[in-house]
Amino acid sequence: MNYFSHALQFLDRPTFVIGTSMPDMLSVVDRKMRLRARRVDPFADGSGTFEAELAAGILQHLEDDRWFHQTRGFLETSGELTRLFKEVLGSEDGIRCPFLGHIVTELQLDGALIERYPKQLDQYYDRLAEIDAQAVEASVNRMATKTSDRLAYLIGRFHEEQFLRDYSEPERLLIRLNQVMLRVRLDPLPAEMADALARSWSIVHGRVEDLLPRDRFSFL
C-alpha cells in the first residue's frame, strides 16, 4: 500500500490522513528516521486532539503495512512483477528486481485506485493543503526515532508536485522510480523498463480486489 490507498477511507479526517502519509514521507526525509508503533501509541490516546489524530493515522499506516505485506495477493503480485522485471534487468539482478516488484505493486495499486476515484485524489491533496506542516513536523519529531527540520518543507513539495498522478503512466512512473533508485543508491533503470511497467500495470490493475479485498476496504 502507498499514500493514496492508506488514506482513501479517511478523507473526512485531514489530520488522520496526513498521519497515514508520514511513514512513507520519512523514508524520503531520512531513511534512518522511523515511526515505531511502540513510540507512537502513547500519543494516540483517543482525545481527538491534533496530535492524537496524527498518531492514529500513523498507526493505521503501520497496521495496514503489517497486514498487506503478508497477504497472498501482495506476495503473488509482487512475485509476478519481480519475474517480469528480471526479463529486462537480467535474472542475476537480485537486488533491484525484488525491490521493484515490491514498490511497483504498491505504486501501481495507487494508480489503479486513482483511476477509479479521481475526485477523491483531489480531496486527498486538498486535505494536505489544510494541514499546518510545521505542527506536523513538531509532533512527528516527538514520536520518531530521530528528528528532522525538513519534513514541513517536504509536505509542501509533496502537495506542489502531486506525483501520485504519474503512477498510471509508464514513462512518468519510470522517471519517479529513477528518483527512488538514486535515493536508495541503486543503479538507474533503463528506458526499456517503460514497456515492462506497461505490462506490470495490466497485472496490478487486474488484481485490485485481490490486493484490497472488499471485506477490509469498503470503498471498492
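**View 1. Glutamate 209, partly exposed at 29% relative accessible area, and its partner.** Here "buried" means under 20% relative accessible area, "exposed" means over 50%, and "partly exposed" is anything in between, worked out with a 1.4 Å probe on protein chains only. Glutamate 209 pairs with arginine 214 in a salt bridge, the closest N and O atoms being 3.8 Å apart. That term takes in a side-chain nitrogen of Lys or Arg within 4 Å of a carboxyl oxygen of Asp or Glu. Arginine 214 counts as exposed, because its relative accessibility is 52%. Elsewhere, salt bridges that share partners tie Arg157, Glu160, Glu161, Asp166, Arg172 and Arg176 into one network. A word on the model itself: it is predicted, so local features need pLDDT of at least 70 and side-chain atom pairs only count at pLDDT 80 or more, while totals for chains, interfaces and linings use all residues. Residues are numbered from 1 along each chain as its sequence is written, and side-chain values use heavy atoms, with hydrogens and water left out.

**View 2. Two other charged pairs, out of 19 salt bridges found in the whole structure.** Side chains of opposite charge can pair when their charged atoms come close. Arginine 72 and glutamate 76 form one such bridge, with 2.6 Å between the closest N and O atoms. About one helical turn separates these two, because they sit four residues apart in helix 5 (residues 72-89). Arginine 72 is exposed, at 65% relative accessible area, whereas glutamate 76 is partly exposed, at 32%. Then there's arginine 207, whose side chain meets that of aspartate 210 in a salt bridge (3.1 Å, N to O). With 16% relative accessibility, arginine 207 counts as buried, while aspartate 210 counts as partly exposed at 43%.

**View 3. Arginine 96, a buried charged side chain with 13% relative accessibility.** This arginine belongs to helix 6 (residues 96-116). So what do its side-chain polar atoms find? The backbone oxygen of proline 188 lies 3.0 Å from one polar atom of the arginine 96 side chain. The backbone oxygen of aspartate 187 is 3.3 Å from a polar atom of that side chain. Both count as polar contacts, that is, N or O atom pairs within 3.5 Å; within protein, one atom must be able to donate a hydrogen and the other to accept it, and residues adjacent in sequence count only if both atoms are side-chain atoms. Setting aside residues up to four places away in sequence, arginine 96 touches Leu89, Met181, Leu186, Asp187, Pro188 and Leu189. Touching, or contact, means heavy atoms within 4.5 Å.

**View 4. The largest nonpolar core, a set of 73 residues.** In soluble globular proteins, nonpolar side chains tend to be buried together. A core here is a set of buried Ala, Val, Leu, Ile, Met, Phe, Trp, Tyr and Cys residues joined through side-chain atoms within 4.5 Å. Which members touch the most other members? They are Met22, Phe85, Leu100, Tyr124, Val140 and Leu164. Helix 6 gives the most to this core, nine residues in total. For a closer look, take tyrosine 124: leaving aside neighbours within four places in sequence, it is in contact with Tyr3, Phe4, Ala7, Leu11, Val17, Ser21, Phe158 and Leu164.

**View 5. Two loop residues with positive phi, glutamine 162 and arginine 185.** Most residues other than glycine have a negative phi. Glutamine 162 has a phi of about 50 degrees and is found in the loop between helix 9 (151-161) and helix 10 (170-183). Arginine 185 comes in near 65 degrees, in the loop between helix 10 and helix 11 (193-205). Buried or exposed? Glutamine 162 counts as buried at 19% relative accessibility, whereas arginine 185 counts as exposed at 78%.

**View 6. Zooming out to the whole fold, with 12 helices and zero strands.** Helices (H or I, at least four residues) and strands (E, at least two) are DSSP runs, numbered from the N terminus. The protein has a radius of gyration of 17 Å, close to the 17 Å the globule rule gives for 220 residues, so it's as compact as a globular protein of that length. That radius is taken over C-alpha atoms, and the rule is 2.2 Å times the number of residues to the power 0.38. The C-alpha trace spans about 50 × 35 × 30 Å along its principal axes. Of the 220 residues, 53% count as buried.
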